[in-house]
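Visitor: I'm new to this structure and would like a close look at a single part of it. Could you pick one spot, walk me through it, and then show me how the rest fits around it?

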Amino acid sequence: MPTLLTDTALIFGRYARQTLRSRLQMLFGLLMPLLYLLFFGPLLTGLPLGPAGTSSWQVLVPGLLLQLALFGGGFCGFGILLEKQFGVVERMRVTPVSRPALLLGRVLRDVALLVLQSVLLVLAAVAMGLRAPLSGVLIGLAFVAVLTLALSSLSHALALKVNTPQEFAPVINAVTMPSMLLSGLMLPMTLGPGWLDALSHVMPFRYLVDAVREAFTGDYASAALLRGALVALALTLVSVTLCTRAFKKSAA
């Protein structure tokens with residue numbers, strides 16, 4: 001365990017320094033949800049999107065936070081594709097660094113980056129009119145961290161299986177776009193026709209979105225929040241397990 005923690009901190013530090021040197025990466029990762037916030041959010045002001053007493057910002061901002069995690073975490077594997085092309089992965093394989101640490105260090109960097117971007121997004125939303133309890137916002141950030149952990153792990157596992165961005169990008173787009181459309185990230189699925197609302201329940205991200213929206217309204221005892229937490233933990237467990245196995249096989 002001490003070796004795993006030390007190696008993870010070493011790998012995390014390496015990639016964190018790379019990120020800090022690339023401020024454009026931090027900016028453009030936040031750009032899409034920020035544009036939705038600035039240009040789409042004002043259109044919803046005053047609309048009855050949720051229960052009585054719920055503002056449109058309490059519906060939109062949780063969706064944007066999880067959208068940031070969905071797309072940010074989903075495309076994290078691009079880094080490994082570049083490292084494979086330049087031989088970085090091969091050189092790491094011959095080092096005595098713990099194989100799980102090679103995964104954890106990368107993924108924790110991704111989590112830290114997206115949580116930081118989420119904090120900036122929440123601050124911008126507060127300036128535009130969002131009012132939510134601090135504990136609810138913290139719960140939302142926790143969901144962002146867990147979802148990023150899961151999706152970043154799957155993204156890295158996929159990147160180890162393919163060889164070019166042309167193979168990687170279509171798979172990620174095929175997963176992220178239906179996930180965004182069927183999870184109710186922009187608007188609650190209950191506003192749509194019954195068949196579409198029913199179909200959305202097969203999408204795991206739907207439960208995370210509903211959970212964060214409940215947290216932003218201060219309803220911490222709701223069944224939706226509990227379901228979302230259980231789905232998020234299950235998704236993370238499966239994702240990290242699959243990615244750890246992929247890293248071990250690639251190093252064999």
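Guide: Let's start at Ser 56, which sits in helix 4, a stretch running over residues 56–74. Keep in mind that this is a predicted model. Is Ser 56 buried or exposed? Its relative accessibility is 6%, and since buried means under 20%, Ser 56 counts as buried. What does Ser 56 touch, once its neighbours within four places in sequence are left aside? The contacts are Leu 44, Thr 45, Gly 46 and Leu 49.

Now follow helix 4 itself. Helix 4 is 19 residues long, and from its first C-alpha to its last it reaches 27 Å. That is close to the 27 Å expected at 1.5 Å a residue. Helix 4 is also mostly covered, with 18 of its 19 residues buried, so Ser 56, at 6% relative accessibility, has plenty of buried company there.

Step back to the whole chain for a moment. You'll find twelve helices and zero strands, and reading along the sequence gives α-α-α-α-α-α-α-α-α-α-α-α. The radius of gyration is 19 Å, close to the 18 Å that the globule rule gives for 252 residues, so the chain is as compact as a globular protein of that length. Along its principal axes, the C-alpha trace spans about 60 × 35 × 35 Å. Of the 252 residues, 47% are buried. Take the contacts between residues at least 6 apart in sequence: 80% of them join residues at least 24 apart.

What about the outside? The accessible surface of the chain comes to about 12,200 Å², and 73% of that belongs to carbon and sulfur atoms. The chain carries 18 positive and 9 negative charges, and the mean positions of these two groups are 9 Å apart.

With that picture in mind, have a look at another helix. Helix 7 covers residues 99–128, and its 30 residues should span 44 Å at 1.5 Å a residue; the end C-alpha atoms are 44 Å apart, which agrees. Pro 100 lies in helix 7 and counts as partly exposed, at 26% relative accessibility. Pro 100 and Leu 5 are 95 residues apart in sequence, yet their C-alpha atoms are 9.9 Å apart in space. Right after helix 7 comes Gly 129, whose phi is positive, near 130°.

For a residue outside the helices, try His 201. His 201 is in the loop between helix 10 (194–200) and helix 11 (204–216), and it is partly exposed, with a relative accessible area of 36%. Leaving aside neighbours within four places in sequence, His 201 is in contact with Arg 206 and Tyr 207. His 201 is also 9.4 Å from Met 189, C-alpha to C-alpha, with their places twelve residues apart in sequence.

One last stop is Arg 23, found in helix 2 (residues 23–39). At 65% relative accessibility, Arg 23 counts as exposed, whereas Ser 56, where we began, counts as buried at 6%. Arg 23 and Asn 163 are 140 residues apart in sequence, and 27 Å separates their C-alpha atoms in space.

Technical notes: Residues numbered from 1 in each chain as written. Predicted model: local features only at pLDDT ≥ 70, side-chain atom pairs only at ≥ 80, totals over all residues. Heavy atoms only, no water. Helix = DSSP H or I, 4+ residues; strand = E, 2+ residues; numbered from the N terminus. Buried < 20%, exposed > 50% of the residue type's maximum accessible area, 1.4 Å probe, protein only. Contact = heavy atoms within 4.5 Å. Rg over C-alpha atoms; globule rule 2.2 N^0.38 Å. Areas by Shrake-Rupley, 256 points an atom, 1.4 Å probe, with all protein chains shown as cover. Lys, Arg positive; Asp, Glu negative; His and termini not counted. Charge placed at Lys NZ, Arg CZ, Asp CG, Glu CD. Expected span 1.5 Å × (residues − 1).
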